[in-house]
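Hi,

Here is the structure I promised to pass on. Please open it first, then read my notes below.

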Amino acid sequence: MLKSKILSSILKSNLTKQLSRNNYTQEAPQPIKIEKTINKVTLLGRVGADPQKRGTEEHPVVVFSLATHQNYINNNEESTQKTDWHRIVVFRPGLRDTVYNYLQKGQRVHISGRLIYGELKDESGTTRTTTSIAADDIIFFNSKN
């Protein structure tokens, strides 16, 4: 009887040590909280050139430039306009085909999308960093004027 109590006590002690070593006696770890972020771009401007197809058969993309501008008064109190050029890329299949078939140079468009960064290699093999807007939605306006 004494022998079984000692053996039982030793087993409990070893089991407790083993469980605590394997973290079975501790609380379960809290799940990792994933915080929300925002990467949203909205542009209204004019198309700089007819869209071009790029990429591969498996990963096609349509690319075009968009001009936006900002008016301000310079130091000589003259009204001045500064133009910014944006590289727009379209990956979404339905939108990509519509843009390629119907969008034209000079047309006014509203673009909703997100910023993306990447690298391009030119003909000489030089790598350069690029910033583009990946369009999620494009609203076409009727006239170039």
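The lining of the largest pocket draws at least two residues from each of strand 2 (52-55), strand 3 (60-73), strand 4 (79-90), strand 5 and strand 6. Strand 5 gives the most, with five residues. Keep in mind that this is a predicted model.

The largest pocket holds about 230 Å³ of space. It has 14 lining residues, and R87, V89, L120, T130 and S132 are the closest to its centre. By class, seven residues of this lining are nonpolar, four are polar and three are charged.

The second largest pocket has a volume of about 160 Å³. Its lining consists of A49, D50, Q52, R54, V63, F64, S65, R87, L120 and R128. Two elements, strand 2 and strand 3, give two or more residues to this lining. Strand 3 has the largest share, with three residues. The classes here are four nonpolar, two polar and four charged. Look for R87 and L120 in both pockets: they are among the residues closest to the centre of the largest pocket, and they also line the second largest.

Next, the charged pairs. Side chains of opposite charge can pair when their charged atoms come close. How many salt bridges does the model have? The count comes to two.

One joins the side chains of D136 and R114, at 2.9 Å from N to O. D136 lies in strand 6 and R114 in strand 5 (residues 108-121), so this pair ties together parts that are 22 residues apart in sequence. D136 counts as partly exposed because its relative accessibility is 31%. R114 is partly exposed too, at 33%.

The other salt bridge is between the side chains of K82 and D84, at 2.6 Å from N to O. K82 has a relative accessible area of 40%, so it is partly exposed. D84 is partly exposed as well, at 28% relative accessibility.

Last, the surface. Which residues form a nonpolar patch there? They are L44, I139 and F141. Together they have about 250 Å² of accessible area. I139 sits in strand 6 (residues 127-140). Is I139 buried, exposed or partly exposed? I139 is partly exposed, because its relative accessibility is 41% and the partly exposed class runs between under 20% for buried and over 50% for exposed.

Strand 6 is a good place to start browsing. It holds I139 of the patch and D136 of a salt bridge, and it supplies at least two residues of the lining of the largest pocket.

Best wishes

Key:
Residues are numbered from 1 along each chain as its sequence is written. This is a predicted model: local features need pLDDT of at least 70, side-chain atom pairs count only at pLDDT 80 or more; totals for chains, interfaces and linings use all residues. Side-chain values use heavy atoms; hydrogens and water are left out. Patches are made of residues with over 30% relative accessible area and no salt bridge: like charges are joined within 9 Å, nonpolar side chains (Val, Leu, Ile, Met, Phe, Trp, Tyr) within 5 Å. Accessible areas come from the Shrake-Rupley method with a 1.4 Å probe; for residues, only the protein chains shown count as cover. A salt bridge is a side-chain nitrogen of Lys or Arg within 4 Å of a carboxyl oxygen of Asp or Glu. Helices (H or I, at least four residues) and strands (E, at least two) are DSSP runs, numbered from the N terminus. Buried means under 20% relative accessible area, exposed over 50%, partly exposed in between (1.4 Å probe, protein chains only). On a 1 Å grid over the protein atoms alone, a cavity is a set of points where a 1.4 Å probe fits but cannot get out, and a pocket is an open set with protein on both sides within 12 Å along at least five of seven lines; lining residues have an atom within 4 Å of a point. Grid points are joined across faces, edges and corners, and a volume is the space filled by probe spheres set on the points. Ala, Val, Leu, Ile, Met, Phe, Trp, Tyr, Cys and Pro count as nonpolar, Asp, Glu, Lys and Arg as charged, and the others, Gly among them, as polar.
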